[in-house]
Amino acid sequence: MAATFNAGQAQNAVQSNLDNIDKYEAHIAALITHRRDAALDEAQNLDMLADRDEWPGPLYGMTLTVKDNFDVAGTPTSNGTSFAYSRDAEDDCFLVERVKNAGAVVVAKANQSEYCLTVTNHNVHHGTCRNPWNLDRIAGGSSGGSAASVAAGFATAPIGSD
C-alpha cells in the first residue's frame, strides 16, 4: 500500500507557525532566532520528496522550536547570552540532526535563561518569556521559551533541556 501525503504538508505547517510568530511573538518573547527562510526551504524539500512518493520520515509535517543551547546548523547559538557572544553553528547537534533526518523542520531557536542558570526565563538580552495564556505571568524555567512557543502555536513540539 502506497503512503499518501497531503500536498504541501510541511510547508503549510511551517507557514502556519510563522503566521503565529508574526502575530504573537512581540508580546511573548519566546524566541531568540527565527529560521524563516531555512525552515521554508527545508519544508519545501520534504514536500518534494512526498510529491515523488518518497518517505520523508516519521516526523514529516512536524515543526520544532529548539532551545538556544542546542546547535542548529547555520543558525546562531547564543545560549541565552548577548549576540556578541553567539556563534553560528556549523553542524546540527546530534538530537537536532536526528529529528531533521526524521522529517521535522526547526522553525526557530527558543528563548531561555542566560546559560540555563535561572528558573524564571527572565533574560536581559532577549526579553522575559511570557506565558502565552496570561501575559502577566512568565513562562518559567530555563526552557520557558520552548514551552511557550508550543503553547502559542509557533511549533508542534519543542526541544528543551533540564
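**Chat about a predicted model: cysteines, H2 and the cores**

Reader: Hi! Is Cys129 buried or exposed?

Author: Cys129 is buried, at a relative accessible area of 0% (buried is under 20%, exposed over 50%, partly exposed in between, with a 1.4 Å probe and protein chains only). This is a predicted model, where local features need pLDDT of at least 70, side-chain atom pairs need 80 or more, and totals for chains, interfaces and linings use all residues. Residues are numbered from 1 along each chain as its sequence is written, and side-chain values use heavy atoms, without hydrogens or water.

Reader: How many disulfides are there?

Author: The structure has zero disulfides (cysteine sulfur pairs within 2.5 Å).

Reader: Why no bond for Cys93?

Author: Because its closest cysteine sulfur, in Cys116, is 13 Å away, which is too far. Cys129 is in no disulfide either, and the nearest cysteine sulfur to it, again that of Cys116, is 13 Å off.

Reader: Switching to H2: which residues are buried there?

Author: Helix H2 covers residues 36–51, 16 residues in total (helices are DSSP H or I runs of at least four residues, strands E runs of at least two, numbered from the N terminus). Its buried residues are Ala39, Ala43, Leu46, Asp47 and Ala50. Seen down the helix axis, they fall within an arc of 100 degrees, so they line one face of H2 (the arc is taken from the axis to the C-beta atoms).

Reader: And what is exposed on the other side of H2?

Author: Asp37 and Asp51 are exposed there. Just after H2 comes Asp53, with a positive phi of about 60 degrees.

Reader: What covers the buried residues of H2?

Author: The cover includes helix H1 (9–28) and strand S5 (105–110).

Reader: Nice. Which residues touch the most other members of the largest nonpolar core?

Author: That core has 19 residues, and the ones touching the most other members are Val14, Ile21, Ile28, Ala30, Leu31, Val105 and Phe154 (a core is buried Ala, Val, Leu, Ile, Met, Phe, Trp, Tyr and Cys joined through side-chain atoms within 4.5 Å). H1, H2 and S5 each give two or more residues to this core, and H1 has the largest share, with five.

Reader: What is Val14 in contact with?

Author: Leaving aside neighbours within four places in sequence, Val14 is in contact with Ala39, Leu40, Ala43, Thr63 and Val105 (heavy atoms within 4.5 Å). There is also a second, separate core of 11 residues, including Phe70, Val72, Ala104 and Ile159.

Reader: Last one: where does Ser149 lie?

Author: Ser149 lies in helix H4, residues 144–151, and is buried at 0% relative accessibility. Its side chain reaches the backbone oxygen of Ser146 at 2.7 Å.

Definitions and conventions. The expected span of a helix is 1.5 Å times one less than its number of residues. A polar contact is a pair of N or O atoms within 3.5 Å; within protein, one must be able to donate a hydrogen and the other to accept it, and residues adjacent in sequence count only if both atoms are side-chain atoms.
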